[in-house]
Number of protein chains: 2
Amino acid sequence: MNKAPLYYFDHAAATPLDERVLAAMQPYFTELFFNPSSPYAPAVAVRREYEAAKDTLARTIGARGSELVITAGATESINLAFKSIGGHVVVGATEHQAVLSAAKFCKSASYVQPDNTGLFSAELIARTIRADTELVSIALANNELGTVQPLAAIAAVVERERQRRREHSEVTPLYFHSDASQGLGQLDVHVARLGVDMLTINAAKVYGPKQVGLLWAAPHVQLSPVIVGGGQERGVRSGTENVAGVIGFSRAMVLASEHRHGEAKRLSTLRNTAQSMLEAALPDIEIYGNQKKRLSSHLSLSLPGVDAERLVFKLERQGVYVATGSACAANKGTRSHVLEAIGLNDRQINGSLRLSFGRLTDEKAVREGIKFIIAAFKQEQDRVGKKA
Amino acid sequence: MNKAPLYYFDHAAATPLDERVLAAMQPYFTELFFNPSSPYAPAVAVRREYEAAKDTLARTIGARGSELVITAGATESINLAFKSIGGHVVVGATEHQAVLSAAKFCKSASYVQPDNTGLFSAELIARTIRADTELVSIALANNELGTVQPLAAIAAVVERERQRRREHSEVTPLYFHSDASQGLGQLDVHVARLGVDMLTINAAKVYGPKQVGLLWAAPHVQLSPVIVGGGQERGVRSGTENVAGVIGFSRAMVLASEHRHGEAKRLSTLRNTAQSMLEAALPDIEIYGNQKKRLSSHLSLSLPGVDAERLVFKLERQGVYVATGSACAANKGTRSHVLEAIGLNDRQINGSLRLSFGRLTDEKAVREGIKFIIAAFKQEQDRVGKKA
C-alpha cells in the first residue's frame with residue numbers, strides 16, 4: 001500500500017486488499033493452482049486447505065464450514081437467499097439494491113419504512129409480517145447512513161411469528177436474512193447472537209479479495225441454487241471452487257475479528273473528530289444516521305443548497321475521496337433511495353456527502369482531509385450565495 | 001512457477017496463473033482498489049481501464065466490449081445463456097454438467113448423441129431441432145475427449161431453421177450457444193467465424209485468474225439476468241465489477257491469441273509423441289476422441305481391465321498427475337457421462353485416463369512422464385493378470 005491515497009474516506013465503497021491477505025492467496029495463484037476436484041495428492045491437499053479455510057472463516061461468524069455457500073459476492077449471496085423463497089417477503093425500504101431487486105422476483109414484497117435516522121422498528125416489522133411471509137431481510141447496518149439495526153429484536157419478532165405458526169399448525173416457513181457486509185471488522189457478527197437464519201457477508205468490504213462472498217444458512221434452511229452445474233458447494237452453487245478467494249476471505253475475516261474492538265474504537269474517535277470539526281466550522285451542516293446506533297466508520301451529512309457533485313470533483317484534486325447521495329455519484333443517474341426514505345428533500349440530498357473511514361485513515365488524514373472538505377463547502381456556499 | 005509439478009498432464013482441469021497475467025492484475029489488488037462506480041478521478045480511471053480491458057478481451061474473439069457480460073466463470077455464463085430461454089433446447093449428450101443441469105430448467109430438452117469419437121453430426125442436430133426450439137448448445141471441443149465439433153456446420157443448420165421460420169412468419173427465436181473454454185489458446189475462437197449467437201469462455205482454462213468468465217451475446221439476443229441488483233454489466237449481471245479479474249482475463253486471452261499457432265503445433269507434436277510411445281509399449285491400449293478433429297492438448301485412452309483409480313494414486317507418487325473417467329476422479333462417485341455416451345463399457349471406463357498437455361509440458365516431461373505411465377500400466381496389468 002505504498003501509493004495509498006492520502007484522504008480516502010470511502011471505505012464503504014471499496015477497501016484495498018490487505019498485504020497479509022494477498023500473501024496468503026499468492027501460492028494458490030501459481031504453484032497450488034490445482035482443481036480441488038482432481039484426484040491426485042496435491043489437488044486433494046488443495047481441497048483440504050479450501051475446506052479448512054471455510055471452517056476458519058465460518059468460526060469467525062460462529063458457524064460451521066459446511067453451512068457456508070461461497071459465492072462471487074454479496075449480490076449473489078442475496079440472490080441465493082431470496083431464490084429459495086416462494087411467498088411474501090418483508091424488506092427494509094433502505095436495503096441494498098440487490099435486496100430490493102431480488103425481492104421483486106418473490107411472489108410479493110412489503111417495504112418497511114425506517115425512522116428519520118434510518119432505524120427500523122421491530123414492532124413495525126412484526127405488524128408487516130403476514131401469514132404467508134417467508135422471509136424478512138434487513139441489513140445489519142445501512143451502507144449510506146451507518147445506522148445499525150436492532151437485529152436481535154427483529155429476530156425475536158420473527159421467532160414470535162414462528163411460534164404462532166407452530167401453535168396453529170401452519171407449515172409456512174419463515175426465515176430471517178441479514179446482509180452484514182457493512183458491519184465487518186466493527187460489530188459482533190455472530191449468527192447465533194444476531195439471531196439470523198441466513199447471513200450474507202462480502203470479502204471486499206473487509207480488506208479481502210473482491211468477487212468473493214458467502215451466504216451462511218442454518219441447517220434447517222432449504223436453499224435453491226441460483227447457478228447449477230457440477231454440484232459444488234453442496235449442490236447449491238456450481239462452478240470450480242474459488243480456492244485463492246476463500247483462503248484470502250478467511251484470512252481477512254480472522255484479521256478483522258482480531259482487531260475489531262480496537263479498530264471500532266479508533267474509527268469512532270476519528271469519526272467523532274471529523275464530525276466535531278465539521279459542526280464547528282459549518283453551522284448549517286446536518287448529520288444523518290442514528291447518532292447512538294451507528295457504525296464507527298460512517299459519517300453521513302449534508303449542507304443543504306450546496307451541489308455535492310461539484311464538491312466531489314473539487315475535492316478529488318486535493319486527494320480527498322468521498323461519496324455523495326446525489327445523482328452522478330452512483331454513476332447511474334439516480335439519487336440515493338436511502339436518503340429519500342429517511343425523508344430528506346432534494347436540497348438536502350443534493351448537498352449530501354458520505355464519509356466512511358477505515359484502515360487507510362489516521363488522525364492526520366482526518367484533520368487535514370476535513371479541513372479541505374470544510375474549505376470546499378465554504379467556497380461552494382459562497383458561490384451559491386453570490387448567485388442567489 | 002518455480003515449483004511447477006514435473007509431469008502435470010491435467011491442463012484441462014486447471015491451469016496455473018501466468019506470471020505476466022498476475023503482474024498485470026497486481027496493481028488492482030492494492031493501490032487501484034477503487035470501486036469503479038465511485039465518482040472521483042482514480043475510480044473513474046479504474047472504470048476506464050476496466051472497460052478498455054473488456055474491449056481488448058472482446059477483440060480476441062472478434063467482438064465488442066459492450067457485448068460481453070463478465071461472470072464468475074463458465075458455469076455462470078452457461079446458466080445465463082440458458083436463463084433467457086423459455087422453450088425447447090437441443091444440447092449434446094456429452095456437454096459439460098453445467099449445460100446438462102441448466103437445460104433441465106428449460107421447458108424441455110433433447111439430448112443429441114455423438115458418434116463413437118464424440119463428434120456431433122450437424123444433420124442429426126438439424127433433425128432434432130423442433131419448431132419450438134429456442135437454443136442449440138454444443139461446446140467447441142469436448143473437455144474429456146478433445147473432439148472438436150463442426151460448429152460452422154451446426155451454425156448453418158441453425159441458420160437454415162431461422163430462415164424457414166422467417167419464411168413462415170414464425171416468431172420463435174433460435175440461438176446457437178457454445179462453450180469454447182476448452183479450445184482457448186489452440187483453436188480460432190472468433191464469434192463470427194464460429195457462427196454462434198452466444199459464446200462462453202473461462203479465464204481459468206487459459207492461464208488466467210480463476211472465478212472469472214464471460215458470456216458474449218450478439219446484439220439481437222435478449223438476455224435475462226441470473227443475478228439481480230445494482231445493474232452492472234448492462235443490467236444483466238449485478239455485483240461490483242471484478243476489475244483485477246477482467247484485467248487478468250484480458251491479458252491471458254491476448255497472450256493465448258498471440259501464441260496460438262505455435263502452441264497448438266507444439267502441443268500436437270508432444271501429444272503425438274505420447275500417443276506413439278503408449279501405443280508402441282501397450283498393444284491393448286485404446287485411444288478415444290476424433291483422431292482428425294481433436295484438440296492438440298488432449299489424449300484420452302484406456303487399458304480395459306486395469307483399475308485407473310489405482311493408477312492415478314500410483315502415478316502421483318512419481319509426480320505424474322492425470323485424470324480418469326472412473327468413479328473417484330470426479331470426486332463425486334459418478335463415472336464419466338462422456339465415455340458412456342460414446343459407447344464405452346465398464347471395463348473401458350474403469351481403465352480410462354485423460355492426459356491434457358499445456359504450457360507446463362515440454363518434451364522431457366512427456367518422455368519421462370509417459371515412461372512412468374507405461375510402467376504403471378504394465379504393473380497393473382500384471383497384478384490383474386495374476387489375480388485372474
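Glu233(A) sits in the loop of chain A that joins strand 8 (213–217) to helix 8 (243–258); helices (H or I, at least four residues) and strands (E, at least two) are DSSP runs, numbered from the N terminus. Although Glu233(A) is not a glycine, its phi is positive, about 55°. Is Glu233(A) buried or exposed? Its relative accessibility is 8%, so Glu233(A) counts as buried; the classes are buried under 20% relative accessible area, exposed over 50% and partly exposed in between, with a 1.4 Å probe and protein chains only. Over in chain B, Arg234(B) is found in the loop between strand 8 (213–217) and helix 8 (243–258). Arg234(B), a residue other than glycine, also has a positive phi, near 60°.

A word on how to read all this: the model is predicted, with local features needing pLDDT of at least 70, side-chain atom pairs counting only at pLDDT 80 or more, and totals for chains, interfaces and linings using all residues. Residues are numbered from 1 along each chain as its sequence is written, chains are lettered from A and ligands numbered from 1 in the order in which they are written, and side-chain values use heavy atoms, leaving out hydrogens and water.

Now for chain A as a whole. Its fold holds 13 helices and 12 strands. The radius of gyration is 22 Å, which agrees with the value near 21 Å for a compact globule of 388 residues; the radius is taken over C-alpha atoms, and the globule rule is 2.2 Å times the number of residues to the power 0.38. The C-alpha trace spans about 70 × 55 × 35 Å along its principal axes. Of the 388 residues in chain A, 63% are buried. Among contacts (heavy atoms within 4.5 Å) with a separation of 6 or more, 68% join residues 24 or more positions apart. The exposed area of chain A is about 14300 Å², with 52% of it from carbon and sulfur atoms; accessible areas come from the Shrake-Rupley method with a 1.4 Å probe, and for residues only the protein chains shown count as cover.

Next, the meeting of the two chains. Each side brings a set of residues to the contact: 58 from chain A and 58 from chain B. Together the chains bury about 5000 Å², of which 63% is on carbon and sulfur atoms. Buried area here is the accessible area (1.4 Å probe) that two parts lose on being put together, summed over both. In chain B, the residues that lose the most area to chain A are Phe33(B), Tyr40(B) and Gln211(B), together 14% of what that side buries.

Three residue pairs show how distance in sequence and distance in space can be set side by side.

| Pair | Apart in sequence | C-alpha to C-alpha |
|---|---|---|
| His261(B) and Leu303(B) | 42 residues | 32 Å |
| Ala281(B) and Phe377(B) | 96 residues | 9.9 Å |
| Ile78(A) and Leu355(A) | 277 residues | 25 Å |

His261(B) has its place in helix 9 (residues 260–281) of chain B and is exposed, with a relative accessible area of 61%. Ala281(B) lies in helix 9 of chain B too, and its relative accessible area of 21% makes Ala281(B) partly exposed. Beyond its neighbours within four places in sequence, Ala281(B) is in contact with Ile374(B) and Lys378(B).

Ile78(A) belongs to helix 3 (residues 74–83) of chain A and counts as buried at 1% relative accessibility. Which residues does Ile78(A) touch, not counting those up to four places away in sequence? They are Ala98(A), Val99(A), Ala102(A), His177(A), Asp179(A) and Thr200(A).
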